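Subject: Handover of a structure

Dear colleague,

Please find the structure below, together with its sequence. A summary of what was found in it follows.

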Amino acid sequence: MDPPHSLHHVPFLYSQLHLPSINNNPIQLPLHKSSPNTSSNSNNNNSDEAKALLDDRKKKRMFSNRESARRSRMRKKQQIEVLQYHVDHLQTLNHQLSQKIIYLLECNQQINQHNAQLKEKVSTLQVALSELLVPAGSAEQHHHIPNGFLDESSTRPIASSRA
């Protein structure tokens, strides 16, 4: 007869059942019936193994979370250091620019004072020149004054433009 794992001798109806293949996945049956004590031990062992597996997973997850938190703290520390460097750099730059503004304002003030002194001097010289030219008054004396000193604009006083 054919070997027992062959289905050639099984009627058609039974051959359509989905049974596991003997070669790939054999069905294992217990050799003896276990007593109630051994089944509870087996359940305890399975339960202990499940708890151990869950504990291992929990430990791995806790370790992974700790590492993630450590990396996060390190990133945050680096970001704070970079930001602190930027703050220090910007404060230094701000101080330098403030000093430059103070220097430029002082220079501007000195230039404005010097400009005011020059305007005052120009005004004084214009008054003196007009006083010299007005009493002479005659056209005969005008030709003794060099060209450029006596023209239309030089006979009238220049208005000072003080700010």
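**Findings**

Arg70 has a relative accessibility of 40% and therefore counts as partly exposed. Please bear in mind that the model is predicted.

Arg70 is also one partner in a salt bridge: its side chain meets that of Glu67, with 3.0 Å from N to O. The search of the whole structure returns 1 salt bridge. Side chains of opposite charge can pair when their charged atoms come close. In sequence, Glu67 and Arg70 lie 3 residues apart within helix H2 (residues 36-136), so about one helical turn separates them. Glu67 is likewise partly exposed, its relative accessible area being 23%. Since the cut-off for burial is under 20%, Glu67 does not count as buried at 23%.

As to the overall architecture, the chain contains 3 helices and 0 strands. Read from the N terminus, the order of elements is α-α-α. Of the 163 residues in the chain, 3% count as buried. The accessible surface amounts to about 15,500 Å², and carbon and sulfur atoms account for 58% of that area.

Which residues make a nonpolar patch on the surface? Leu90, Leu93 and Leu97 do so, and the patch covers about 270 Å². Of these residues, Leu93 is found in helix H2 and is partly exposed, at a relative accessible area of 36%.

A word on confidence is also in order. The mean pLDDT of the chain is 76, and 56% of the residues reach 70 or more. Among the elements, H2 has the highest mean pLDDT, at 91, whereas helix H1 (residues 12-15) has the lowest, at 47. Throughout residues 9-15 the pLDDT is below 50, and this stretch has 3 contacts in the model beyond near neighbours in sequence. Where pLDDT is low, the predicted coordinates should not be read in detail.

With kind regards

Definitions and conventions. Residues numbered from 1 in each chain as written. Predicted model: local features only at pLDDT ≥ 70, side-chain atom pairs only at ≥ 80, totals over all residues. Heavy atoms only, no water. Helix = DSSP H or I, 4+ residues; strand = E, 2+ residues; numbered from the N terminus. Buried < 20%, exposed > 50% of the residue type's maximum accessible area, 1.4 Å probe, protein only. Areas by Shrake-Rupley, 256 points an atom, 1.4 Å probe, with all protein chains shown as cover. Salt bridge = Lys/Arg side-chain N within 4 Å of Asp/Glu carboxyl O. Patch = residues over 30% accessible without salt bridge, like charges linked within 9 Å, V, L, I, M, F, W, Y side chains within 5 Å. pLDDT = per-residue confidence, 0-100. Contact = heavy atoms within 4.5 Å.
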